[in-house]
Amino acid sequence: MKIKASITFAAEARQIMNEPAEHEKRRLEDRKERDPMIDQQVVSVLDKKIQTIVLAESTNVLVGPINLPVNLDGETVMFKWYCWLPITSQEGIKACKTATTETLIKQLSSFNLAEKQQSSVLVYGDFEDAEHALIRMHSICHTGDIFGSKRCDCGYQLEQSMKMIAAHGAGALFYLANHEGRGIGLFSKAMAYILQEQGLDTVEANLELGFVDDSRNYADAIGILQHLRKKPVTLITNNPKKLEALKSSGMNVEARIPLWGDISEFNEKYLKTKVERSGHFAESGEPLQ
Ligand SMILES: Nc1nc2c(ncn2[C@@H]2O[C@H](COP(=O)(O)OP(=O)(O)OP(=O)(O)O)[C@@H](O)[C@H]2O)c(=O)[nH]1
């Protein structure tokens, strides 16, 4: 019984490790056989919006800007949206490291990107040249950002920081898609939530599952930021690690704006743990003591 269970688990583990399923293999084979002719007009339209950004540890293809009208409290606010693809860390994508737009288009449908994570940035105003600009490095939170969960403060911080950037007149919100659960992934976060329901705090739950408290990396996002703006930035965060990552990259951080809010019975312990165990800045006047 035990052996059978472990065989089943091994098969499942292979799937988790992204071994392509049969239908996916067929799709890739089919794609190879077709070797598509690419319309040069399509290449020329996209070429104007695609750049390759070579960083110390990765190469990223950045696409944008794309107009993104966003509903902020009933008002339509126009952001410019960019998305980037780290092409050195993705299996099969290495081939287009020196990517021409044409090779990128040719390979794109075989990358299976819906199964992977891509981050993006919403830019507002004259981000390159404005004297002062606000930025936020927002770690993805499926439960808080999408479902509006009150177990954390993520959804509130996301919306609030977009409003702050628009009100300020220039800024950028980086939405970091490989940061779920402080880097442990959504499924592991669900398991961590179950442990938290048994009384463990955020840090303890991560550790019990074999993770560190926080494994987020900001290098690619900072590289994109430095490509979009050289002038000083003001960072919206309560997290000293984000501040440190930005400063040690050489970016000029002229100030930090704290962002606490939406505190309730559901996230009180979570917020307290941020300050007491994860080292987040506690601002005076916050009901976190
Ligand atoms: N592992 C784990 N991750 C969580 C939990 N609640 C929220 N998160 C994740 O935590 C990340 C947000 O990180 P935080 O440390 O809360 O806040 P921060 O963004 O680093 O700091 P601020 O910039 O001040 O918001 C998101 O990726 C969430 O998915 C939790 O209970 N356990």
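Let's start with the ligand: it is surrounded by 23 residues, and the closest are S139, C141, T237, N238 and N239. A residue gets into that shell if its C-beta atom, placed from the backbone, lies within 6 Å of the molecule. Before I go on, this is a predicted model, so local features need pLDDT of at least 70, side-chain atom pairs count only at pLDDT 80 or more, and totals for chains, interfaces and linings use all residues. Residues are numbered from 1 along each chain as its sequence is written.

What kinds of residues make up the shell around the ligand? Seven are nonpolar, eleven polar and five charged. Here nonpolar means Ala, Val, Leu, Ile, Met, Phe, Trp, Tyr, Cys and Pro, charged means Asp, Glu, Lys and Arg, and the others, Gly among them, go down as polar. Several helices help out: α6 (154-168), α7 (180-183), α8 (186-197), α9 (202-208) and α12 (268-276) each give at least two residues to the shell. When I say helix, I mean a DSSP run of H or I with at least four residues, and a strand is a run of E with at least two, both numbered from the N terminus.

One of those helices, α7, holds R182. R182 has a positive phi of about 60°, although it is not a glycine. Is R182 buried or exposed? It's buried, because it has 23 C-beta neighbours inside 10 Å. The cut-offs are 20 or more other C-beta atoms within 10 Å for buried, 12 or fewer for exposed, and partly exposed in between, with C-beta atoms placed from the backbone.

Okay, stepping back to the whole chain. The protein has twelve helices and eight strands, and of its 289 residues, 27% count as buried. Contacts, meaning pairs of residues with C-beta atoms (placed from the backbone) within 7 Å, often span a long stretch of sequence: among those between residues at least 6 apart, 62% join residues at least 24 apart.

From the records, an unreviewed UniProt entry puts "domain: GTP cyclohydrolase II" at residues 111-258. UniProt positions are in the numbering used here, feature names are shortened, and annotations may be inferred rather than shown by experiment. Over residues 111-258 the chain is 42% helix and 18% strand, with the end C-alpha atoms 39 Å apart.

Now the strands early in the chain. β1 (residues 50-54) runs antiparallel to β2, and five bridges join them; we call two strands paired if DSSP finds at least two bridges between them. A hairpin of four residues links β1 to β2, and I53 stands opposite N60 in β2. On to the next pair: β2 and β3 are also antiparallel, joined by eleven bridges, with I66 opposite W81 in β3. In a regular strand the side chains alternate between the two faces of the sheet.

There's an oddity inside β2 (residues 59-72), where P65 sits: the peptide bond from G64 to P65 is cis, with omega near 5°.

The hairpin between β2 and β3 has two residues between the strands, and D73 in the turn has a positive phi of about 55°. Unlike R182, D73 counts as exposed, because it has 7 other C-beta atoms within 10 Å.

Also in β2 is L72, which is partly exposed, with 14 C-beta neighbours inside 10 Å. Which residues does L72 touch, leaving out those up to four places away in sequence? They are V77, M162, K163 and A166. L72 and K163 are 91 residues apart along the chain, yet their C-alpha atoms are separated by 7.0 Å.

Last stop, the inside. A nonpolar core here is a set of buried Ala, Val, Leu, Ile, Met, Phe, Trp, Tyr and Cys residues joined through C-beta atoms within 7 Å. In the largest one, 38 residues strong, V121, V123, Y124, A172 and F174 touch the most other members. At least two residues each come from β3, β4 (119-124), β5 (134-139), α6, β6 (171-176), α10 (219-228) and β7 (233-236). Y124, setting aside neighbours within four places in sequence, is in contact with F79, I165, A166, A170, G171 and A172.

And why is α10 described as largely enclosed by the rest of the structure? Because seven of its ten residues are buried, namely D220, A221, I222, G223, I224, L225 and L228.

Definitions and conventions:
Two residues are in contact if their C-beta atoms, placed from the backbone, lie within 7 Å.
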